[in-house]
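Colleague: I've got this model open and would like to go through it with you. Can you take my questions one at a time?

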Amino acid sequence: PHAIRLEGDLTLGGLFPVHSRGPPGTPCGPIKKEKGVHRLEAMLYALDRVNGDPQLLPNLTLGARILDTCSRDTYALEQALGFVRRLLPAEDGGGRCPDGSHPQRDPPERLVGVIGASASSVSIMVANVLRLF
């Protein structure tokens, strides 16, 4: 639920603490303007600048999948697994729709890198998972 998706030929991932850590039982708390939203906006601005200059990446556009870590390492790890799921091709015979047809699946995403997270504990956990893929 805490994600932004921009289409592009190549996708950059982003992990930012847009929300602070929530109380027990909820992953996310209030919005963090300076350390969360501003970093998110900086990435979106950079993507706009790169995509707006035809000399930087001719015939390519950068997209993004930006996820909220909620300043919690375990939640960030769950979010990072979302990156991994999008990298893997769809399984054959992976279920049927109620009408008996096969479900339509998006092709694997071309994720070329991940920016973030801001806290070392989060970055270490996420890097250990993404390194495998």
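Modeller: Sure, and a definition to begin with: a salt bridge is a side-chain nitrogen of Lys or Arg within 4 Å of a carboxyl oxygen of Asp or Glu. This is a predicted model, where local features need pLDDT of at least 70, side-chain atom pairs count only at pLDDT 80 or more, and totals for chains, interfaces and linings use all residues. Residues are numbered from 1 along each chain as its sequence is written, and side-chain values use heavy atoms, with hydrogens and water left out.

Colleague: How many salt bridges does the structure hold, and which side chains meet?

Modeller: The count is 1. Its N to O distance is 3.5 Å. The partners are Arg5 and Glu7.

Colleague: Is Glu7 buried or exposed?

Modeller: Buried means under 20% relative accessible area, exposed over 50%, and partly exposed in between (1.4 Å probe, protein chains only). Arg5, at 32%, is partly exposed. Glu7 has 62% relative accessibility, so Glu7 counts as exposed.

Colleague: What pattern does the protein chain follow along the sequence?

Modeller: Helices (H or I, at least four residues) and strands (E, at least two) are DSSP runs, numbered from the N terminus. The protein chain has 3 helices and 6 strands. Read in order, they give β-β-β-β-α-β-α-β-α.

Colleague: Which cysteines form a disulfide?

Modeller: The term stands for a pair of cysteine sulfur atoms within 2.5 Å. There is 1 disulfide in the structure, and its sulfur atoms sit 1.7 Å apart. The two residues are Cys28 and Cys70.

Colleague: How many residues apart in sequence are the parts that this pair ties together?

Modeller: Cys28 belongs to strand β4 (residues 28-31), while Cys70 is in the loop between β5 (62-68) and α2 (73-87). Both cysteines are buried. Given those places, the pair links parts whose separation in sequence is 42 residues.

Colleague: What hand does the disulfide have?

Modeller: Look at the torsion about the S-S bond of Cys28 and Cys70, which is about 70°. With that torsion, the disulfide is right-handed.

Colleague: What is phi near in Cys70?

Modeller: Cys70 counts as buried because its relative accessibility is 0%. Ser71, in the loop between β5 and α2, has a positive phi of about 55° although it is not a glycine. For Cys70, phi is also positive in a residue other than glycine, near 55°.

Colleague: Which residues make the nonpolar surface patch?

Modeller: Patches are made of residues with over 30% relative accessible area and no salt bridge: like charges are joined within 9 Å, nonpolar side chains (Val, Leu, Ile, Met, Phe, Trp, Tyr) within 5 Å. Accessible areas come from the Shrake-Rupley method with a 1.4 Å probe, and for residues only the protein chains shown count as cover. This patch covers about 230 Å², and one of its residues lies in the loop between α1 (33-52) and β5. Its members are Leu56, Leu57 and Leu60.

Colleague: Which element has the lowest mean pLDDT?

Modeller: pLDDT is the predictor's confidence in each residue, from 0 to 100. The protein chain averages 83, and 89% of the residues score at least 70. Among the elements, α1 has the highest mean, 92, and the lowest, 80, belongs to α2.
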